[in-house]
Amino acid sequence: MVDAGRTVRAIDPEFEAFYRRELRPMIALGISLAADREAGVDLAQEALLRAYRSWPAVQTMDKPGAWLRRVLVNLAIDRRRRRDRERRALARLAPPEAVVQPDPVSDRFWTLVRELPGTQRAVVALFYLEDLPVDEIASVLQISDGTVKSALFRARKSLAAAMQTEEVL
Amino acid sequence: MDTIDDIGRRAAGAVQADAAAIADAEADALLDALAVSPVTIQRPPRRWAILGAAAAVAAAIGAGVVVVANREPAPDLVPATTGPPHPVTTPPPTPPPTPPASSVAPSTTAPAATTTAPAPSTGDGLAVSYRNPPPFLEPQPLATLRVAEGEVRSGGLASMESGVVVLDGTQAHVVGWDGAVRTIEVDAAGETNFLNGVAAGPGEVLYAIASGNSTTNMTAAEVWAIPLSGEQAGTAVAASPVDMNVIVERPAASFGHGRTGLVDRIGRIDGVVAPYVDENGDPWAEPLAIPEYRKDGDVVSSLDGSQVWPLEIERGGAGNGLNGPAAPSPAPGGGAVWWDWIGPRASNGDYSVGTMEVIAFLAPDGSATWRRVPEGWAVVAADVWGTVLAKRTGPTLELAVATTSAASTPPPTPAEQAVMDYLTALAARDYEAAAHVLGNDGLSLIDRPDLAVIRDAMGAEEDLAQALREWCDEGPYRAACWMPASVAEAPANGLGIGDSTVVVARYVGFSASFRVNSWEGRPSVYGLPPLTVNELPLVRELIGVHALYADDPSNRRLVMASATGTNGLQRPASDAGPFSVTPDGYAITWTTGEPYRATVTDTTGAMLCSIDERIVQLLGEPGAYRAVVVREGEVGPSQEPAPQPSVEMDCQTGVETPTNPWAWSDGPTYRSRIRVGHRDFFVSGSDHGDQIEDDAGTILSGDDTVLTTPSFSSDGSVVTYGELSGSANPWLATRVVARDTLTGEHLWETDVNAPIIRTWTTDDLIVAEIGVTDNPLDGMSALAVLDATTGELQLTVPAAFDLVHIR
């Protein structure tokens, strides 16, 4: 008889290195796109889990980091759709500990970013957080350079108007 | 003063610091959660609960078998919370002969059951009719398994003293009557295949029919005795040869227990099929005293003739189960059970099976209690230790015990259940199960336009599950893969199409309709769950447009969703025609009549103007709208379409000004003007297709055959439309084409491989409405979102509503 036992699978060292390299930026990207900090962390977790599950394929990609970011952005859009359900679930959890005191201006900035349309939201997050050039943002999101430029232009314009500051074009 | 870039980079720094703190604190916990597999998943800290759950599912699928427990990380193979109602630990003695007690009691002879009139169901009597079916039984949950292969009926299940044995490939799962599960690896001895027809007991011994990989004797098979406990657990300790021809394609529970060995309940094999052995392969010492039953027509009786149940059955058809009629089996507490299919046949095919499975609990006193088996469930094992039901959804196998306990509420209809199974599987991200329910006939790309939304992800027919996965979960597709609140069958005169059944699934906040039919007796679902008008804000957000307007005819209103919120504009009259909206989204026009009366309001419903005409196009701006009105004129005798008298009417004052023609007509041909900004365009053509010209007469659509209303960008520089040439159907556009309106230059074209109802053009996006069928009047099944610059398909959103305006 075979006893269904407990086994621990060894993590591929290359995945672990990838994971440790990408965890911080993924959490940051998740927080910037999600409705709140906790949900942002969850997004990062889920994106990394998918990378883990698909690691044999992911590790052969030219830009696994770009793939990971695209997964997270897609998850963020999907998550946003289910935000009401998420809110109910998260409301049952204890409030997260504050690690960093929120900066009101930064907080307001990301709140406004989260209200932008999906493409603009992702473009802004990748532009400011990841400091990616237009062509790399286009590669991550699998859209054209023109769409990135257009989205960035419109997003900055909207954000500047909402923040009542100057836009940089 | 800070620029928005300054603020953005400072905000990025704050988030990065926050992320670094979280990552430093919890990186190892996440990695630990990833590393635990396969069957036993350690519950990670709560913060990682979502990840843990997903990891558990992923690992469990890889491991083959787990118990599904509300999508939580599976701690181990666990029982259902509700145990069986009648755990039986020892075989009961043969019940003593019971004399007939009433007019419905058994007689000592076996009269043929004859019915000449509809026989009403008498609840606990001997009669049953498909016209008045008995109550559904309430399955008593036992456990839920994930099984790697095999079917419910042919995978091999057996009832024994300690529980139920599920033979799943080369694994035997033993589900105790308390719901506890243990798994035994069976030594398959190389290429051995296990077939159906297993039985178990006495003792902890499984009798499984095995066939070798012989190329010389194709009918060779053996009944293996496989202990389920003890030192030789999982290894065959005895084998008895049988002829495969007489053991294949059998109904469930077709082998039973004689005094010294297994017997064939349906009578194809005389005598003992395989002698009983103990865990060591030694002959079983004590003869069993388990009653045996037989069936002659619809009369069930014990072999010794002491008990007879002359059942009276009115059937709607001649269908049986997939593998023929069942044999009566002994039941706990004495008496027997027998089941049959009394409803109409599933189809007119040669191999059509019956519907409406019912089971008779035949009591020792000669009475009977009929119950209907709920849709999706089937009797899979029956013996003196218990009657077992199973329900399979993809790799999930639910087990339950059948008793006379009736369901308090009627279970869903087959159509409702099929939709529920499908949506539940999607919501649980169980794509294999969802694809299974979607139906094998659902893979025809020609017959299933509703699959257009996942067609790009479906490279081959067998990729349906993966396509669903991408559609709901991973890829650039978006779907309403949510748990429905309930399903209900639509009114018969409602949405019926052909002979299929329409089911409306009600979600929290919206509903979706499905067609359900059957394939080889199994229900399948036609129609992926679309978003409805109630989810318009979500659709707007998914697409990423400024505003989306849609007609909501059931509530008689226009729904408008924008970044600032959602509002509705109620229709003022019962016969209001379709809405039209000015490009800026500000003015809304609708017409009632006849006599015609056009009303123009703003988005709050405040009246802007009203005229007693039909408005072709509203020009101008708030406070100075001019309505273009075309009046009927004579159809000229010339070959050219005759211009129709047209006026521009001041919407506020009603003052008319004659204007250049806006429409021309000559029977089957026509021509009309469209004004975009300061430019005029003309669409001319016939039922066979249109072409687009500018005001200089230059054809802008090249050699294309335009089949949809052209859509222009806000400045008129780009036009898009659905074009014929990508389609084999002369009335169907499946290709979106974009052209520069100054030069007519072909900018791009994209095949969406689905019927296009019309396109909408914004500065960033082209949105194509995808039809449910080739006929636009059948409505929309999805929105395909294309990049305005490249035409690249960015997103598909399953949606079903009457789109009025996008900007």
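Let's start with strand β3 of chain B, residues 140–146, which is mostly covered: 6 of its 7 residues are buried. Keep in mind, everyone, that this is a predicted model. So, a quick one for the room: which strand do 6 bridges join to β3(B)? That is β26 of chain B, residues 396–401, and the two run antiparallel. If you want a place to look on screen, find B:Gln140, whose bridge partner in β26(B) is B:Val401.

Now let's move along the chain to a sheet. Here 4 strands of chain B form an open sheet, in the order β4-β5-β6-β7, with antiparallel pairing. Why does one side of β4 and of β7 lack a neighbour in the sheet? Both β4 (157–160) and β7 (181–185) of chain B stand at the edges with a single partner strand each, so one side of each is left open in that sense, without a neighbour in the sheet. From one strand to the next, the twist averages 20°.

Let me zoom in on one pair from that sheet. β4(B) meets β5 of chain B, residues 163–168, in the antiparallel sense, and 4 bridges hold the count for this pairing. One spot to click on is B:Met160, which has B:Gly163 as its bridge partner in β5(B).

Finally, let's step back to the chain as a whole. Chain B has 55 strands and 7 helices. Of its 807 residues, 54% are buried. Among chain B contacts with a separation of 6 or more, 47% come from residues 24 or more positions apart. And the surface? Chain B exposes about 33400 Å², with carbon and sulfur atoms supplying 51% of that. Thanks, all!

Conventions. Residues are numbered from 1 along each chain as its sequence is written. Chains are lettered from A and ligands numbered from 1 in the order in which they are written. This is a predicted model: local features need pLDDT of at least 70, side-chain atom pairs count only at pLDDT 80 or more; totals for chains, interfaces and linings use all residues. Side-chain values use heavy atoms; hydrogens and water are left out. Two strands pair if DSSP finds at least two bridges between them. Axes are lines fitted to C-alpha atoms, for helices over the stretch in contact, and angles run from 0 to 180 degrees between N-to-C directions. Buried means under 20% relative accessible area, exposed over 50%, partly exposed in between (1.4 Å probe, protein chains only). Contact means heavy atoms within 4.5 Å. Accessible areas come from the Shrake-Rupley method with a 1.4 Å probe; for residues, only the protein chains shown count as cover.
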